[in-house]
Amino acid sequence: MIFLNAMNIKKITNRAQFSSSKIKGFTLLETLIATGIASVVITSALSIVATIYFSQKKVQFSHDFFAENRFLIERITQVARNNTIDYDRYFVEMGPPTNVCNNFATAQVPNGASFDNTKENRALLGYPTVFYWDTNSDGIQDRNLGGMELNGINADDCTRAMGNTFDYDAGGVLPEEPIRDLYLINAGQSMRVQISHAIAPELKVTMNRQLGADTDGDGKADTWGPTDTNGDGDIEANDLDIDIAWSGAECQLFVNSNSDGDFNDANEVFPVMGDATTESWCDQVHLTQDISPVALQVEDLDFRVAPLFDPYLAFRNDVAQVHPMVFVNLNSSLRNPDRYGFDATNIPTINFETAASSRVFGNIRR
Amino acid sequence: MIFKFIGSLKLNSGRKVRGDTILEVVFATAILSTVMIATFTILQRAIDTNLNVKNRVIALNIAREGMEAVRNIRDTNWLKYSGDRRKKWICLDQETDKNACVGNPIATKFINGNNEAAPAYYTVDFHQADERFYLKRATLQADIDFLNGAQTEASRAPSRLYITPGVPKRFTHVATGNTPTPFYRQVYLDIENPYDGALTPAVDGFCGAGDTDDSCQNSRLKVIVRTYWEEESRQRSVTLEAHLYDFFERDEY
């Protein structure tokens, strides 16, 4: 067997020797040229494949980027639809611009010492108060002017809850006070939502939910401004305060039912839904959450709110008779673009605008 | 060096080495070009898809804004005409006639002060000073067509959207001082009666037995918002369709 194989090899070797005498091999030059051409072809083919691959990747990342932006704007509009504009909070935080409302009229507010248009005074007054006018000088404020001045003819600019946003019709000038925070309140007046554009430590969008809001810093949630509980036509201490807080391991809701200013009486403390040890409800309602996807660097987030007045308080003001809505303008870019193959001069950015009309109908100040 | 090289080639060809036939060359070229064409087609497709995805997202948001505007006009009518909701819920105040719906507009037609019958095409734009949307009736093409030369740009112009300068930017139909975009938006409105005439007009006191207003008889508004744009010589559009009901504090609808 081994012998046979050796014979065969010998035969093959002989044949190879024989054929080599007739057929010419490649010269070095030919080999070099062939290798050169082949390498050019292979290189270009590879570069085409690489281009296709990376452009396909870019398309995919761009698509993901759009999807992330859509998610964010969807999240914001969803919250805006399920709630309505929180005019009370806007009035305190922004208030009417001082160039149209320097101070609140004496006949407009009860028993105050100073009525200058400052944040402190606005927090003290509360939004519904500025709709009151003592029309017959009997020392009692009433609300039948519905957002008009004492003469009943001109719209009262001091009843504006916020400044103008952007006056596009004047050629895009007058960026008076861009609205960076969206304040919303639900139909049951029990939950307030704040959507904000956070600058530091990184550009993102946050959402803060609160049961009530503590604008005067007394540690208790504010009410809807003065309420004439005993019907004497005068404004006294607020009749309802609520708060939610941890009490040991239990999350509790505190309600000042009898208006004595404390939560110490019967039927004023209630456990909040869920098991406090497993559900972080108490934390959730006070905590600020990031709602923008991590892949997004939110460069700018602006809101335009219409109308600038609460239409149900300013019921005689024609301009205010618009169903509450908000425009959301989102400008974002891709965070860590180099990770996705985009260089610094070619970072994907997108500008989204959409409108969200509140699905809460009717006056929620029942 | 080069001459030497050419000489060596000549020497080789002179030595009875067979060249490629024309058929072989044609086949090779065909294969090469097929591969190249396929490659570039894929590349072009990827770029086109990227552009299309981007435009589609923008167009969809433009259409959504239009839908939201019509909804807001209905909601505003519920608010502004709270004492006469059943008749005025679909009434359209105009930018030029801000109180077109004040008073008691005559029956039979509903859309605006001109008693225009639905269905009709509108443009919708936000009016900053009045802080509200206005639906504007204009002579519009029923269906925007960029190709075939069937429509002139002038006939499409009322539907065209422009973008405002400054930050934030905003889409508007106002051309002056703004940058044109490739997008066109139209709103189609039609009023319907989901009960096919069976709804009694005497609903919750607002509409009486003798009221023949369309808005009393019919409680459903069909809204179609369509955004058109031209992309790489192709006709593109995004369509949103919804039915808005006059349900607020209505006994039956």
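**A partly exposed tryptophan and the architecture of the two-chain model**

With 19 C-beta neighbours inside 10 Å, B:W78 counts as partly exposed, since a residue is called buried only from 20 such neighbours upwards. The structure described here is a predicted model. B:W78 is located in helix α2 of chain B. Apart from neighbours within four places in sequence, B:W78 is in contact with B:R85, B:W89 and B:F248, and also with A:F361. The C-alpha atom of B:W78 lies 8.8 Å from that of B:D246, although 168 residues separate the two along the chain.

The overall make-up of each chain was considered next. Chain A has 366 residues, of which 29% count as buried, and its secondary structure comprises 5 helices and 11 strands. In chain B, buried residues make up 30% of the 253 residues, and the secondary structure consists of 5 helices and 7 strands. Along the sequence, the elements of chain B follow the order α-α-α-β-β-α-β-β-β-α-β-β. Among contacts with a separation of 6 or more, residues 24 or more positions apart account for 60% in chain A and for 57% in chain B.

Helix α2 of chain A has 55 residues. From its first C-alpha to its last, this helix reaches 79 Å, which is close to the 81 Å expected at 1.5 Å a residue. The buried residues of α2(A) are A:S62, A:F65, A:N69, A:L72, A:I73, A:I76 and A:A80. An α-helix has 3.6 residues a turn, so residues three or four places apart point the same way.

The contact between the chains involves 38 residues of chain B and 36 residues of chain A. On the side of chain B that touches chain A, the largest share, 22 residues, comes from helix α2 (residues 22-80) of chain B. By residue type, this side of chain B divides into 15 nonpolar, 11 polar and 12 charged residues.

Two packed helices are described by the angle between their axes and the distance between the axes. For helix α2 (residues 28-82) of chain A and α2(B), the angle is about 10 degrees and the axes are 10 Å apart. Angles under 35 degrees count as roughly parallel, and α2(A) and α2(B) are therefore roughly parallel to each other. The residues of this contact divide into 10 nonpolar, 8 polar and 2 charged. On the α2(A) side they include A:I48, A:I52, A:V59 and A:F66, together with polar residues such as A:T51, A:S55 and A:Q56. On the α2(B) side, B:I42, B:L43, B:A46, B:I47, B:V53 and B:V57 are among the residues that take part, as are B:N50 and B:K54.

In soluble globular proteins, nonpolar side chains tend to be buried together. The largest nonpolar core of the model holds 82 residues. The members that touch the most other members are A:A161, A:V305, A:V326, A:V328, B:V70, B:L135 and B:V187. Helix α2(B) gives the most to this core, with 8 residues. Leaving aside neighbours within four places in sequence, B:L135 is in contact with B:V70 and B:V187, as well as with B:I73, B:L92, B:Y122 and B:V124.

Several features were found in loops. In chain A, the loop between β3 (192-198) and β4 (204-210) holds A:I199. With 10 C-beta neighbours inside 10 Å, A:I199 counts as exposed, because the exposed class covers residues with 12 or fewer. The C-alpha atoms of A:I199 and A:D300 are separated by 9.2 Å, while the residues are 101 apart along the chain. The loop between β3 and β4 of chain A also contains A:P201, which is joined to A:A200 by a cis peptide bond with omega of about 0 degrees. A cis peptide bond also joins A:A306 and A:P307, with omega of about -5 degrees. A:P307 is placed in the loop between β9 (296-306) and β10 (325-334) of chain A.

Positive phi values in residues other than glycine were noted as well. Phi of A:S137 is near 55 degrees, and this residue is in the loop between α4 (119-125) and β2 (181-185) of chain A. A:S137 is exposed, with 7 other C-beta atoms within 10 Å. For B:S233, phi is near 60 degrees. B:S233 is found in the loop between β6 (220-231) and β7 (234-245) of chain B and is exposed, with 7 other C-beta atoms within 10 Å.

Methods: Residues numbered from 1 in each chain as written. Chains lettered and ligands numbered in written order. Predicted model: local features only at pLDDT ≥ 70, side-chain atom pairs only at ≥ 80, totals over all residues. Contact = placed C-beta atoms within 7 Å. Helix = DSSP H or I, 4+ residues; strand = E, 2+ residues; numbered from the N terminus. Core = buried A, V, L, I, M, F, W, Y, C linked by C-beta atoms within 7 Å. Axes fitted to C-alpha atoms, helices over the stretch in contact; angles between N-to-C directions. Parallel < 35°, antiparallel > 145°, perpendicular 65-115°, else oblique. Expected span 1.5 Å × (residues − 1).
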